[in-house]
Amino acid sequence: MPSVLVDTCDVLKQQIESREARVGIVGMGYVGLPLALLFSNQRFRITGFDISEEKVGILNSGGSYIVRILPEEVQRANAFEFRATSDYSVMEDMDVVIICVPTPLDEYHEPDLSFVTDTVKSIAPHVHEGQLIILESTTYPGTTEQVIVPLLESGNRHGLKVSRRPDDPGFHVAFSPEREDPGNETVSREDIPKVIGGCGPDAVKLASALYGSIFKRTIPVSSPAAAEMTKLLENIYRCVNIALVNELKQLCIRMGIDIHEVIDAAKTKPFGFQAFYPGPGLGGHCIPIDPFYLSWKAKEYDFRTRFIELAGEVNIAMPYFVVDQTAAALNDVCKTIKGSKILVLGLAYKRDIDDLRESPSLTIIELLRDKGADVFYNDPYFARVGHGRHYDLNMTNTPLDDLSRYDAVLIVTDHSSYDYRAIVEQSQLVVDTRNATKGIVSPKVVHC
Ligand SMILES: NC(=O)c1ccc[n+]([C@@H]2O[C@H](COP(=O)([O-])OP(=O)(O)OC[C@H]3O[C@@H](n4cnc5c(N)ncnc54)[C@H](O)[C@@H]3O)[C@@H](O)[C@H]2O)c1
């Protein structure tokens, strides 16, 4: 009998469409866990990989460690065979592997790809024919082709290569950036189009079939590098525009103009303007970090990314500006930062989320302490804050009672659970970095 050639791409595509494909997601964090739940809702059997035994234990017992993900959502997924593990040997059973591990900067402000390379080295021995591997972690253009593919090709037991042309044997590799906006309730996850760049047409076809099952639109681009650059353009666009309004805010304060009134008026223009808002500085795992992945890579091409560097300079200086403005506000009531009791309202890097990463509140607290203030914080999302990569605070949450005992209340994060009118009424002085007290007219409020 003549042998029948089996197209592994078509097989996997059918498995995806029939929900038989097993999907492994590496990194059960803010990106990986919600993604796992989205796939599980579409009846995929998901295995979540994480090096944190604690997270693995919580997920397998139907719990959650991310505030906006309810334990019931994890339990529903568990009922559809969602399991978490730190055992990479079961990677062999996965038809698709999606990598969602951190991509921070190191102490020299350079890309730290160690989480990605450690993950890929752990996956590589288990790579098998026809498997689809997708990187979602944000990174510089070239990472997928120059770092991921060589590690997968050199590390796999079967000597397999990445498939680059239709019907090529081997495994498939793609890059598809995560575009989540935590706390944003106005756009549902499935409405956010998914950009996909593959190492070959089959990788794009398979990744499109996979993501097409949970997102309404997929956007194929010509290469992984184009997809990597797309994500960076989006984040650099935000970083630069936030820096612009942060700089204009400082000028407006000197000129006695309310920047928020100006932005509200400007955004009535029906074309050519998108509103960005000033604040106490950038936070989160993306906007303060990702642009520098490109600055670093650009040096290889003798190129300086001046917009990114200037925006970084302005945004990094914002916590210092806030502390200077707090000192000025205290000075106006004949007080100094040294010896003052200051309550910082909100630690999270933005409203209504439980994420502290790169939050400007951490720098502000350290700067205030360095100047001799007695600093307290309140944030409904953090009972205590210890130490991280760039801070060592060791503080516990202070209840919101008797605000009059603080010399100043400093609003750093405008959580919607706060009653700002009551806060202004009870406080001696309120320094507002977020325009949270908009519409409250009081000589006690200082905007900065
Ligand atoms: N958080 C966001 O809103 C957001 C949005 C868009 C893109 N991103 C990007 O997505 C990526 C992941 O971000 P995140 O916010 O989910 O990070 P996170 O820190 O919340 O989660 C990462 C998880 O990966 C795990 N991990 C680390 N190394 C591992 C390994 N070798 N094997 C298995 N697990 C490992 C960690 O324990 C952690 O649970 C980053 O590149 C980030 O820039 C994040």
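1. A residue is called buried here when its relative accessible area is under 20%, and exposed when that area is over 50%. In this predicted model, helix α7 holds a run of residues that meet the first condition: Asp202, Ala203, Val204, Leu206, Ala207, Ser208, Ala209, Leu210 and Tyr211 are buried. That is 9 of the 12 residues of α7, so the helix is largely enclosed by the rest of the structure.

2. The length of α7 can be checked. Helix α7 covers residues 201–212, and at 1.5 Å a residue these 12 residues should span 16 Å. The C-alpha atoms at the ends of α7 are 16 Å apart, which agrees with that expectation.

3. Pro201 deserves a separate remark. Pro201 has its place in helix α7. Its relative accessibility is 41%, so Pro201 counts as partly exposed, since the partly exposed class lies between the 20% and 50% limits. Leaving aside residues up to four places away in sequence, Pro201 touches Arg164, Arg165 and Pro166. Gln250 is 49 residues from Pro201 along the chain, and the C-alpha atoms of these two residues are separated by 50 Å.

4. Next, the nonpolar interior. The largest nonpolar core has 38 residues, and the members that touch the most others are Val26, Met91, Ile123, Leu152 and Phe171. Two or more residues of this core come from each of β4 (96–99), α5 (114–123), β5 (132–135), α6 (143–155), β6 (172–175), α8 (224–255) and α10 (290–299). Helix α6 gives the largest share, 5 residues.

5. Which residues does Phe171 touch, not counting residues up to four places away in sequence? The contacts of Phe171 are Val127, His128, Gly130, Gln131, Ile133, Leu152, Glu153, Asn156, Leu160, Lys161, Val162 and Ser163. A second core, separate from the largest one, has 37 residues and includes Ile98, Ile134, Ala207 and Ile214. Of these, Ala207 is also among the buried residues of α7.

6. One sheet is open and has 8 strands, in the order β3-β2-β1-β4-β5-β6-β7-β8, with mixed pairing. Strands β3 (83–85) and β8 (218–221) are its edges, each pairing on one side only. From one strand to the next the twist averages 25°.

7. At the β3 edge, the partner is strand β2 (residues 45–49), which pairs with β3 in the parallel sense over 3 bridges. Within this pair, Gly48 stands opposite Ala84 in β3. Helix α5 packs on the sheet and touches β1 (22–26), β4 and β5. The direction of α5 makes about 165° with that of β4.

8. Further along the chain, is strand β13 (residues 408–411) covered on one face or on both faces? Both are covered: Ala408 and Leu410 are buried on one side, and Val409 and Ile411 are buried on the other.

9. Strand β13 has two parallel partners to note. With strand β9 (residues 341–345), β13 pairs over 4 bridges in the parallel sense, and Leu343 stands opposite Val409. With strand β14 (residues 430–432), β13 pairs over 3 bridges, again in the parallel sense, and Leu410 stands opposite Val431. Helix α13 (residues 420–426) joins β13 and β14 in a right-handed β-α-β unit.

Terms used: Residues are numbered from 1 along each chain as its sequence is written. This is a predicted model: local features need pLDDT of at least 70, side-chain atom pairs count only at pLDDT 80 or more; totals for chains, interfaces and linings use all residues. Side-chain values use heavy atoms; hydrogens and water are left out. The expected span of a helix is 1.5 Å times one less than its number of residues. Buried means under 20% relative accessible area, exposed over 50%, partly exposed in between (1.4 Å probe, protein chains only). Contact means heavy atoms within 4.5 Å. A nonpolar core is a set of buried Ala, Val, Leu, Ile, Met, Phe, Trp, Tyr and Cys residues joined through side-chain atoms within 4.5 Å. Two strands pair if DSSP finds at least two bridges between them. A crossover is right-handed if, with the strands pointing away from the viewer, the path from the first strand over the helix to the second runs clockwise. Axes are lines fitted to C-alpha atoms, for helices over the stretch in contact, and angles run from 0 to 180 degrees between N-to-C directions.
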